[in-house]
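Please look over the structure shown below together with its sequence. The report that follows deals with strand pairing, the nonpolar interior and the confidence of the prediction.

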Amino acid sequence: MAAAYGIEGYCRDLTRLIGPDTPAEKCVEIARERCASMLKRGLDLRDEFKVVVPGQYSRNLVHRDPRGLFVVIALLWKPETASAIHDHTTWGVMGTYESAIECTNYDRVDDGSTPGMAQVREREVIPSGEGNVEIVLPPRVDIHRMRNPTKRRTITIHTYGREVDACNVYDPATCRMGTVSLRYANRPGEIPGASRIG
Ligand SMILES: [Fe+2]
């Protein structure tokens, strides 16, 4: 039987394959392929990365590259919940580990001239089942919403090209844009700043 390929192997490969000069397009390509391989080869996510806090979803820090080139996060989604529409302003890959997730991508359609305001329009809805890996790659693919459409818990494994301690959020109804600080459920108190906007 082939040796299991889990989080450690995945992070080791990304450390080896991603350097400070690796273009974002290449980082996405590498992380997407490696993440798909990890999901296919029987990832067994440890309980230390499954900490749940109040709210729609819980973010667990899995690995922080000491060079600051990427982070790996496990997200636990409660049944039938969704994130706000948000961005990360960095490359990212999102692999579905347990159950299913739906990723809706948006285009920003205003000219950005009014501070605090942004108009976004839905572009596409991408359903993702177990083993699937989706990507974000600014500027073309950045603003999105993730939703657990199922009646079960969903777990997704995200890799981003930087520490995502805050992100922009977008409200299509009011065209208002805000900022949310993000924390890790399994690292309470590590990153200051509680969530200010849903
Ligand atoms: Fe996201």
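In which sense do β5 and strand β6 (residues 120-128) pair, and over how many bridges? In this predicted model, the two strands pair in the antiparallel sense, and 8 bridges join them. Within this pair, R108 stands opposite V120 of β6. β5 also has strand β8 (residues 144-147) as a partner, to which it is joined by 4 bridges in an antiparallel arrangement, and N105 has H144 of β8 as its bridge partner.

**The open sheet**

An open sheet of 5 strands runs in the order β1-β2-β9-β4-β7, with antiparallel pairing. Its edges are formed by β1 (57-64) and β7, each of which pairs on one side only. On average, and with direction ignored, neighbouring strands of this sheet are turned by 25° against each other. The helix α2 packs on the sheet, where it touches β4, β7 and β9, and its direction makes about 10° with that of β4.

Within this sheet, β2 is joined to β1 by 7 antiparallel bridges, and 7 bridges likewise join β2 to β9, again with the strands running antiparallel. β1 and β2 form a hairpin with 6 residues between them, and G68 in its turn has a positive phi of about 80°. The table lists residues that face each other across the strands joined to β2.

| Residue | Stands opposite or bridges to | Bridges between the two strands |
|---|---|---|
| H63 (β1) | V72 (β2) | 7 bridges, β1 to β2 |
| I73 (β2) | H158 (β9) | 7 bridges, β2 to β9 |
| A74 (β2) | I157 (β9) | 7 bridges, β2 to β9 |

**The nonpolar interior**

How many of the residues of β2 are buried? The count is 7 of the 7, so this strand is largely enclosed by the rest of the structure. In a regular strand the side chains alternate between the two faces of the sheet. Both faces of β2 are covered, since V71, I73, L75 and W77 are buried on one side, and V72, A74 and L76 are buried on the other.

In soluble globular proteins, nonpolar side chains tend to be buried together. The largest nonpolar core of the model has 34 residues, and those with the most contacts inside it are C35, V72 and A74. Two or more residues of this core come from each of α1 (7-17), α2 (24-40), β2 (71-77), β4 (92-98), β5 (101-108), β7 (133-136) and β9 (154-160), and β2 gives the most, with 7 residues. Leaving aside neighbours within four places in sequence, C35 is in contact with Y10, V93, G95, V133, I157 and T159. A second, separate core has 8 residues, among them Y106, A118, V120 and Y170.

**Confidence of the prediction**

For the protein chain the mean pLDDT is 92, and 94% of its residues reach 70 or more. Confidence is highest in β9, at 98, and lowest in strand β11 (residues 176-181), at a mean of 93. Over residues 192-198, however, the pLDDT is below 50, although this stretch has 11 contacts in the model beyond near neighbours in sequence. Where pLDDT is low, the predicted coordinates should not be read in detail.

How values were computed. Residues numbered from 1 in each chain as written. Core = buried A, V, L, I, M, F, W, Y, C linked by C-beta atoms within 7 Å. Buried ≥ 20, exposed ≤ 12 C-beta atoms within 10 Å, placed from the backbone. Contact = placed C-beta atoms within 7 Å. Pairing = 2+ DSSP bridges. Axes fitted to C-alpha atoms, helices over the stretch in contact; angles between N-to-C directions. pLDDT = per-residue confidence, 0-100.
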